[in-house]
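Here is a walk through one protein model, feature by feature. Keep the 3D view open and follow along.

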Amino acid sequence: MEVRKVLACVLFSVFLWSGDAQDSVPDSVLNCCEGDVLFLLDSSGSVASYEFFRMVNFLSELVLPFSLGLDQVKVGLLQVGTEPHLEFGFDTYNSQQGLQEALKRTRQLKGDTNTVDALLMARDQVLKQGVPGGARPDLPRVLVWLTDGVDPGAVQEPMARLRDEGVAVLVVSTGHGNYQVLRDVVSPPAEEHLFFVDIDDISIITEDLRNAIIEIIRAERLQVKSVTTTTAMLEWRPVLAGTGYYDIQFGPVRTGGNEGPGGSGTSPGTGLEPFKRITRPGDASSAHLIGLRPDTTYQVTLTPKANLDFLNSLSATFTTEPVNPPQPEVQTLSTVTVSDSTTNSVRVSWGPLQPHLIQDYQIEYSALHTGQLRVIKVSNRQNSTVLTNLYPDTQYLVTVSAKHFSGKERAMSVKACTQEVLPALSDLQLTAVGNESVQLRWKGSADGLRGYWVTWERGHSQRSTLYLPPNLLSTTLTHVPHSARVCVSPVYRTARGEGLCCTA
């Protein structure tokens, strides 16, 4: 029966020879790609059991050539029914054997064609990047929708969201669905991504659909690894399947020009060194470059050569290591701490001491927001100093700078707080005012006073306490035993001041 495709399409594949089965497809297809492909399969009751069987067999044949795994292709299958069902996610199968067996076990859901809910679940799968079961970040993502075209629902908006978020949408319709709706949902160009075909002839589009997927997820990367001062390792995905050879040209990059290897017989760098050419057989996937110059930027071009096919060249640039690579910077100042805080001084310490690298240390400090900046210098063999003449109960910013003999500087800052002034209580007086009652009077009017803390003995090792506001300078205590000890202490914001005690 005749294939009814939207427009006749000829896909020119750069790295792909056609093939219909795993054993007849060359390595160029097996290792061509890196990406995540989610198949959205219509499994509703509008699809006859025979049609569903043919769709699953079609998927099996379609994905059979691809290499699966972490750095290859990952496949997921989501079925459309009354409730969508994720048959398997991207991380489920990393081998063709497991994937093919899973497809054979796939059973039809029947029920309604709830494509909209299935698309919401599909969106979670292809956008759930970087988490288990989700798509991989920075890799192409493809959604392939297989439908009989019957009552797809309001799919335009969810499909548009997927396309806006970078997902390529392809559609295969085996029925007489709404052409305009299906054309609207596919990613452009529609003539390469939308297929109409009778279910009995669906295998005819296998190669075209596979090519369309490959065009999206093909990995054409030439990687340069293990670079030293004079060598580098090239790695690429095999595309020649053992036939032909790889032509590799490399040389220093021309300064101020765009000419690369292969443009002339001299180096693209200085013109004094000719570019070099090596070849590797068609089954190779790496090459070792030797005889390079240290600390030099190179451009390398790899061109697959075959008798009948034109294959794109791949290029990369890299820089060799210098003969004496720069040494990592020594941490000459890694810790700054504050201790021994008083009302008008703090001690600042730093480390580690490295007098063979450090010329001297400079300490800058000032009260936060309002203070004048003060600066002191100490020798390269001193790892602490005491900052004096500070304001009480004040926060300071302290910066320690280590000046290197080389002229470099390294600085670290910390915050330091001085202690609050805690004036002692003065002139505590006790007067008996009755049986086991005494009146207490004292003097105290310091700034920052929050109140007074009164304690006295009640006998049998029991003590009583009383907190008074700062405006009270006297109080009367009852049930104070003979010879009981009574104490009053001033209370400030951060602590108690020194108090006075008397015996009743």
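A word on naming before we start: helices (H or I, at least four residues) and strands (E, at least two) are DSSP runs, and they are numbered from the N terminus. With that in hand, Pro352 can be placed in the loop between strand E15 (346-351) and E16. Bear in mind that you are looking at a predicted model.

**Backbone oddities**

Pro352 is worth a click, since a cis peptide bond joins Gly351 to it, with omega about -5°. There is another cis bond between Pro188 and Pro189, where omega is about 0°. Pro189 sits in the loop between helix H6 (179-185) and helix H7 (190-193). Most peptide bonds are trans, and most residues other than glycine have a negative phi. Asn389 goes against the second of those habits: its phi is near 55°, a positive value in a residue that isn't glycine. You'll find Asn389 in the loop between strand E18 (384-387) and E19.

**The four-stranded sheet**

From Asn389 it's a short step to E19, one of the four strands of an open sheet ordered E17-E16-E19-E20, with antiparallel pairing. Which strands are at the edges? They are strand E17 (374-379) and E20, each of which pairs on one side only. Ignoring direction, neighbouring strands here are turned by 20° against each other on average.

Strands of a sheet pair through backbone hydrogen bonds, either parallel or antiparallel. Strand E16 (residues 358-367) and E19 run antiparallel and are joined by nine bridges. To find your place, look for Tyr365, whose bridge partner in E19 is Val398. On to the next pair: strand E19 (residues 395-404) and strand E20 (residues 409-417) are also antiparallel, with nine bridges between them. Here Tyr396 has Ala416 in E20 as its bridge partner. E19 and E20 make a hairpin with four residues between them, and Gly407 in that turn has a positive phi of about 100°.

**The three-stranded sheet**

An open sheet of three strands runs in the order E7-E8-E11, and its pairing is antiparallel. Strand E7 (223-225) and strand E11 (286-289) stand at the edges with a single partner strand each, so one side of each has no neighbour in the sheet. The average turn between neighbouring strands of this sheet is 25°, direction ignored. Four bridges connect strand E8 (residues 232-235) to E11, antiparallel to one another. Met233 is a handy marker, as it stands opposite His288 in E11.

**Two helix pairs**

Now for the helices. The table sets out how two pairs pack.

| Pair | Angle | Axes apart |
|---|---|---|
| H4 and H5 | about 10° | 10 Å |
| H2 and H3 | about 170° | 10 Å |

Why is H4 called roughly parallel to H5? Their angle is about 10°, and angles under 35 degrees count as roughly parallel. In this contact, Leu119, Leu120, Arg123 and Val126 of H4 meet Pro158, Met159, Arg161 and Leu162 of H5. Sorted by class, that gives six nonpolar, no polar and two charged residues.

For H2 and H3 the angle is about 170°, which makes H2 roughly antiparallel to H3. Val56, Leu59, Ser60 and Val63 of H2 make the contact with Gln96, Leu99, Gln100 and Leu103 of H3. The class count for this contact is five nonpolar, three polar and no charged residues.

**Cavities and a pocket**

The structure holds three cavities of 30 Å³ or more. The second largest has a volume of about 50 Å³. Some names from the H2 and H3 contact come back in its lining, which consists of Phe39, Leu59, Val63, Val75, Leu77, Phe88, Leu99 and Leu103. Helix H2 (49-63), strand E2 (73-80) and helix H3 (96-105) each supply at least two of these residues. What classes do the lining residues fall into? Eight are nonpolar, with no polar and no charged residues.

Last stop, the largest pocket, with a volume of about 210 Å³. It is lined by 10 residues, and the closest to its centre are Asp71, Arg221, Gln223, Trp236 and Arg237. By class, the lining of this pocket has two nonpolar, three polar and five charged residues.

Key:
Residues numbered from 1 in each chain as written. Predicted model: local features only at pLDDT ≥ 70, side-chain atom pairs only at ≥ 80, totals over all residues. Heavy atoms only, no water. Axes fitted to C-alpha atoms, helices over the stretch in contact; angles between N-to-C directions. Contact = heavy atoms within 4.5 Å. Nonpolar A, V, L, I, M, F, W, Y, C, P; charged D, E, K, R; others polar. 1 Å grid on protein atoms, 1.4 Å probe; cavity = no way out; pocket = protein on both sides within 12 Å on 5 of 7 lines; lining within 4 Å. Points joined across faces, edges and corners; volume = space filled by probe spheres on them. Pairing = 2+ DSSP bridges. Parallel < 35°, antiparallel > 145°, perpendicular 65-115°, else oblique.
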